[in-house]
Amino acid sequence: MLLGKSLTRIAKYYPEKVAIFFNGKYWTYSQLNSRVNRLANVFSSIGLKKGDKVAILARNCNEYIETYYALAKLGIWMVPINYRLRPVEIDYRLIHSDSKAIVLGPEYLEKFLELDFETKKKFSERILVLGDTKLPDGFLSYEILLTQSRDYEPQVCIEPEDPLYIGYTAGTTALSKGAIISNRAIVSGFLYKILEYGFNKNDITLNPGPFWHSAPRDFACLHLYIGGTVVIMREFQVKEFLTLVEKHRVTNGFLVPTMYKMLIDFPGNERFNTSSLRILISGGSPLPTPVKEACIQRFGNILHEFYGATETRVITNISPEEIRKKIRSVGRPIWDMEIRVLDENGNDLPPGQVGEIFIRGFTLFSGYYKDENKTREAYRDGWFTLGDMGKTDEEGYLYIIDRKTDMIISGGENIYPSEIEDIILSHPKVSDVAVIGIPHEKWGEAVKAFIILKPGEKATEEEIIKFCSTRLPDYLKPKYIEFVSDFPRNSVGKILKRVLREEYWKECEFKV
């Protein structure tokens, strides 16, 4: 149940097998483990020890994986930083996490220099920079340090409950929290995914999401755990993704719904040979039904959708055999995971009734860093909640209705935006949609839909509302439509509905 030692083991079993492809280069397991050991000894040489924290601000690359494993072998916590954040937000994470060193991609040197002076001072002589960029005084070259370091296995006692990293939540509705993730949570998550998806040492995986986010990094490292091969993309580009799948005969990948939409909308995507793919996995947010259908048509009956989060790993999964039978379901709990749907008083709700989803299992996180109150608030009698609303059916399949904070209450009726969004997305002229509740004098809240039309298309407010009238009850129909060119989004493509709502609710005394 230890991430660092798993690489040592696999390097002995398959020393000459390719572990990583990136940017036209490759590293065998023997080479990867050697670089990881050298890096671990670099961290030790600059005074870091078990329990310390090291931040990383970089795009996807082989060094990102090396850093993760080197720190794991030492019992040092990694702190992945979202590179799209503003300096003030990066500053918060670095200070909050008590990071003592940082690994920087060369393109983020300037952003680092914009941080608060006191923050930068904390990292003096402990700033490792990737690449061969000319460095300011006090900065260290990652690659030069590796060449000067020695290749031997660190001798540090690591236990399954020892933390691997602090995962800062996406923060779409509130200030980001730092979830503490242990070796136990990560490795047990690996084992459950291997059982659920049937991964094996012959698999070649490509997970193009940013490695600061837990899921793409998890799916990549899972394959290193079993001796598979990892193809790395610096960042997601549709043509490059399809090219790499064809070139390396990629067998599986994890993508978020935004990426799937971009893939199926990409002109000429059918010209690429993707026949090697046997598993595609969607997660991060619900996959809209029209996008799901288009993916199945393009890639075949290989699509899975899972429900999970940084704090939980995978909770449920729906297989290709079930995905068309159970429309909008995210499946049933995976191995050893339990779920309950509770009302506001903590009572179990019967199938079909919407309530808050609570979870229990071996892959759960170890609490929010330096925030015992938030940790306590997320638990009820040993069961954890992400604050999501959902329901089950008679066969135990889970349906995510919405984030609890996105629910609209209009005239006493609970309205879940995803139901409306799914209908509007089926309109042939609509590319994307976001539904929120805005203040209404009579009803408390009214439904408003923000719509992005497909290129070259035109539509009217009346046309969209009429389309909804034939498919939705009156109380679910949008009262207002606004056509926009884009939405505010976070770094993984999730629409920031709180930003859309702010303009309407900022003058209101009560926020419904």
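**Surface, fold and cores of a predicted chain**

The chain exposes about 22200 Å², an area obtained by the Shrake-Rupley method with a 1.4 Å probe; for residues, only the protein chains shown count as cover. Carbon and sulfur atoms supply 50% of the exposed area. The model is predicted: local features need pLDDT of at least 70, side-chain atom pairs count only at pLDDT 80 or more, and totals for chains, interfaces and linings use all residues. Residues are numbered from 1 along each chain as its sequence is written, and side-chain values use heavy atoms, with hydrogens and water left out.

The chain contains 16 helices and 26 strands. These are DSSP runs numbered from the N terminus: helices are H or I with at least four residues, strands are E with at least two. The C-alpha atoms fill a box of roughly 70 × 50 × 45 Å along the principal axes. For 512 residues, a compact globule would have a radius of gyration near 24 Å. The chain has 23 Å, which agrees. Here the radius is taken over C-alpha atoms, and the globule rule is 2.2 Å times the number of residues to the power 0.38.

Contacts are heavy atoms within 4.5 Å. Among the contacts with a separation of 6 or more, 68% join residues 24 or more positions apart. Of the 512 residues, 58% count as buried. Buried means under 20% relative accessible area, exposed means over 50%, and partly exposed lies in between (1.4 Å probe, protein chains only).

The largest nonpolar core has 136 residues. Such a core is a set of buried Ala, Val, Leu, Ile, Met, Phe, Trp, Tyr and Cys residues joined through side-chain atoms within 4.5 Å. Phe43, Leu104 and Leu128 have the most contacts inside the largest core. Leaving out residues up to four places away in sequence, Leu104 touches Leu57, Leu109, Phe112, Ile127, Leu128, Val129, Leu130 and Phe139. Apart from the largest core lies another, of 18 residues. Its members include Ile408, Leu425, Val435 and Leu476.

Two arginines have a positive phi. Arg313 has a phi near 60°, although it is not glycine. Arg313 is placed in strand E15, residues 313-318. Arg313 counts as buried because its relative accessibility is 4%. Arg328 has a phi near 75°, again in a residue other than glycine. Arg328 sits in the loop between E15 and strand E16 (329-333). At 23% relative accessibility, Arg328 therefore counts as partly exposed.
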